[in-house]
Amino acid sequence: MQTFDVAVIGAGIVGLVQALALKASGLKVAVIDSQAAPNKPLGDAQLRVSALTLASQNVLTALGAWQVMDQQRIAAYNSMLVWEQDSFAKIEFDATQVTQEQLGYIVENQAIVASLWLQAQQADFIELFSECPIQHLALSDQGNFIRLTDERMLTARLVIGADGANSMVRTVANFPLTFWDYEQHAIVANIKTAVPHGNVARQIFTASGPLAFLPLWDQHHCSIVWSQDEPQASQLMALSAVEFNKALTVAFDGQLGVCELVSERHTYPLKMRYARQWLNTGVTIVGDAAHTIHPLAGQGANLGILDAAALAEQICSLVAQDKDFSLLRNLRPFERWRKTETLKMIAAMEGFKRLFAGNAGAKKMLRDLGLSAVNHLPVSKNAIVKHAMGLTGELPNLAKTSSLS
């Protein structure tokens, strides 16, 4: 039997950020995951990428992970172009408008996880359990018990579920879940373009869903996220590579010339999930275990990173005050804080999705006028871009600075 103060279930981006951010607490932390230890990506770009805000970059830098990533595989983008298909309306965001060098970064998930894992391996307060599926998880006010499939047993005063959208921790804790189906599927792939992307992130809204081109480190390669209503997504997945390339080029208004698949295509259903309860004495959840949102703004990973940083800040504060960091009432401020931020993002994503759905004449005109108006209002536009970059709002301290105290 091994005893820990905190057990983090899930060694993805959010779980590893959570563990590393607890350094100042002096607590003993276990990180448990069923997958093998990650390796740094090599060769062609991986399919799964995240659009990281400056706030998330600050967190990763504070934890020492940003510095050990392969900087040549990090794609900074300094502007963003959004427009609607068959429309005069568009809006452009540029980092120089808010006196920054870039708006954010496109980074492979595997690169982020591998760099965080390396830091966790070197942290004497963390013990990593890779390739260790959980056989049994028992949660109670008196303590939590974990048995792994290799029969090892652990106890922890606080269990943190960072185990994704289908969270075991959320299920065992019996936290109620609100969800709805966006009735769309996201197609992800890596694309070679005839025209260089110029470090610009691009997104077009079509009647059946948004299509984003995210710039990778090669000027002629982008990661796409093509969110389509279910029938259209199935049709696109059934196309040959040649026909898919043609459909993609047309859908993107030929903005980057002829498009060519350079990877497999993967698809996944889009669902909104929101846990109405995030914690109880001895257990809490963060990241996708607590919420999933539409990918049209690329904020999913950023929300999870800020969840983890906020929870760590709360726990470190409680330990410093010699208060019980596992009690429901002591962790409640974290839940209120991050629920508020998450609900704002869920509402915004749902609003955008509904606003840009369909081609009804009056609705389309409203969209066109709205986009054009905002594009010519510097104050409003700058406020939007600053929030999207993580420069405003109630941020954890780690998101504001690049040094871990």
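The buried residues of helix α2 pack against quite a list of partners: α1, β3 (49-52), β7 (104-108), α3 (109-121) and α7. Keep in mind that this is a predicted model. Helix α2 covers residues 54-62, and 9 of its 9 residues are buried, so the rest of the structure largely encloses it. Going along the helix, that means Leu54, Ala55, Ser56, Gln57, Asn58, Val59, Leu60, Thr61 and Ala62. What follows the helix is glycine 64, with a positive phi near 80°.

Now take one of those partners, α7. The axes of α2 and α7 lie 10 Å apart, and the two helices pack at an angle of about 45°. They are therefore oblique to each other, and α2 passes α7 in a left-handed crossing. On the α2 side, the contact uses Ala55, Ser56 and Val59, while α7 brings Asn302, Ile305, Leu306 and Ala309. Sorted by class, this contact has 5 nonpolar and 2 polar residues, with no charged ones.

Helix α1 (residues 13-20) also meets α7 (residues 300-320), and here the axes come within 9 Å and cross at roughly 20°. An angle under 35 degrees counts as roughly parallel, and that makes α1 roughly parallel to α7. The crossing of α1 past α7 is right-handed. Which residues make the contact between α1 and α7? From α1 they are Ile13, Val14, Val17 and Gln18, and from α7 they are Gly304, Ile305, Ala308, Leu311 and Ala312. The class count for α1 with α7 is 7 nonpolar, 2 polar and no charged residues. Note that Ile305 of α7 turns up in the contact with α1 and also in the one with α2.

Like α2, helix α1 is well covered: 8 of its 8 residues are buried. Those are Ile13, Val14, Gly15, Leu16, Val17, Gln18, Ala19 and Leu20.

Zooming out, the largest nonpolar core has 111 residues, and Leu116 and Ile146 have the most contacts inside it. Helix α7 shows up again here, giving the most to this core with 10 residues. If you click on isoleucine 146 and skip its neighbours within four places in sequence, you find it in contact with Ala7, Ile9, Ile32, Ile134, His136, Leu137, Arg152, Met153, Leu154 and Val159. There is also a second, separate core of 21 residues, with Ala189, Val200, Leu211 and Phe213 among them.

Note on methods: Residues numbered from 1 in each chain as written. Predicted model: local features only at pLDDT ≥ 70, side-chain atom pairs only at ≥ 80, totals over all residues. Heavy atoms only, no water. Axes fitted to C-alpha atoms, helices over the stretch in contact; angles between N-to-C directions. Helix = DSSP H or I, 4+ residues; strand = E, 2+ residues; numbered from the N terminus. Parallel < 35°, antiparallel > 145°, perpendicular 65-115°, else oblique. Left-handed = near helix turned anticlockwise from the far one by under 90°. Contact = heavy atoms within 4.5 Å. Nonpolar A, V, L, I, M, F, W, Y, C, P; charged D, E, K, R; others polar. Buried < 20%, exposed > 50% of the residue type's maximum accessible area, 1.4 Å probe, protein only. Core = buried A, V, L, I, M, F, W, Y, C linked by side-chain atoms within 4.5 Å.
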